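Reader: I'm new to looking at protein structures and the vocabulary trips me up. Could you show me the thing first and then tell me how you know what you say about it?

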Amino acid sequence: MSGNIILTGFSGTGKSSVGRAVAELQGWELWDTDEEIVRVSGKSIADIFEEDGEPAFRYLEKEAVLLACEESNVVVATGGGAIVDPDNYAAMAASGVIVCLDATPETIVARLSASPEGENAPEERPMLAGTDPIERVRELKSQRQEHYDMAAFTVDTDGLSVEEAAREVVRQFRERTEPDHD
């Protein structure tokens, strides 16, 4: 195991923002698989879903996860559904410690709706399309929960600042990986 910190969890739980803060605390690089997909494809994730379909997105996601997991001593922020793919999970588990970030559906929708200039708002999240985004989050989280439960540990980001969540991720990661901890 190369000792990476791999963040999973539903959209809006803080994977990208907490990931940046964790990377800073560790003195490591952040690999955000969604950002890599956008960079490689030249399209937003919403456009990939709309123009090419979910299978095309999942293919690009798998490539991004595998590439990120080949690195050492990095923080990897994955897309919310990446861990569901068995190949992604295997690469993530072999690469380091998988950490699930969690939040309530209400917090998730509020965070996504409050993103700057509507960025990452529910309508920009293809998996959240519909009239009741909170119910859709509940449904998708329920479908993915058994996969999220495969993480080494979970950090509930409700009520935590980005910095507090990052410190908790690092604390629990070090507890599991450093021999000095009992």
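Author: Sure, and keep in mind that this is a predicted model. Let's begin with β1: five of its five residues are buried, so the strand is largely enclosed by the rest of the structure.

Reader: What makes both faces of β1 count as covered?

Author: Look at each side in turn. Asn4, Ile6 and Thr8 sit on one side, Ile5 and Leu7 on the other, and all of them are buried. Buried stands for under 20% relative accessible area, so both faces of β1 pass the test.

Reader: How do you know that β1 pairs with β4?

Author: Pairing takes at least two bridges between the strands. β1 and β4 have five, in the parallel sense, so they count as a pair. In that pairing, Thr8 stands opposite Cys100 of β4.

Reader: And how many bridges join β1 to β3?

Author: Three, and these strands also run parallel. Ile5, for instance, has Val75 of β3 as its bridge partner.

Reader: How do you know that the length of helix α1 agrees with what a helix should span?

Author: Take its twelve residues at 1.5 Å a residue: the expected span is 16 Å, and the end C-alpha atoms are 15 Å apart, which agrees. Right after α1 comes Gly27, with a positive phi near 70°.

Reader: Which elements cover the buried residues of α1?

Author: They include β1, β2, β3, β4 and α8. Among the buried residues of α1 are Val18, Ala21 and Val22.

Reader: Now helix α5. Which of its residues are buried?

Author: Asn88, Ala91, Met92 and Ser95. They cover an arc of only 100° around the axis, which puts them on the same side of α5. On the other side, Pro86 and Ala94 are exposed, and exposed takes over 50% relative accessible area.

Reader: What does Met92 touch?

Author: Leaving out residues up to four places away in sequence, Met92 touches Ile6, Thr8, Val65, Cys69, Thr78, Ile83 and Ile98. Contact here takes heavy atoms within 4.5 Å. In the largest nonpolar core, of 22 residues, Met92 is also one of those that touch the most other members, along with Phe10, Val76, Ile98 and Ile108. Apart from that core lies another of 17 residues, including Val75 and Val97.

Reader: Why do such cores turn up in proteins?

Author: In soluble globular proteins, nonpolar side chains tend to be buried together.

Conventions. Residues numbered from 1 in each chain as written. Predicted model: local features only at pLDDT ≥ 70, side-chain atom pairs only at ≥ 80, totals over all residues. Heavy atoms only, no water. Buried < 20%, exposed > 50% of the residue type's maximum accessible area, 1.4 Å probe, protein only. Helix = DSSP H or I, 4+ residues; strand = E, 2+ residues; numbered from the N terminus. Arc of directions from axis to C-beta. Core = buried A, V, L, I, M, F, W, Y, C linked by side-chain atoms within 4.5 Å. Expected span 1.5 Å × (residues − 1).
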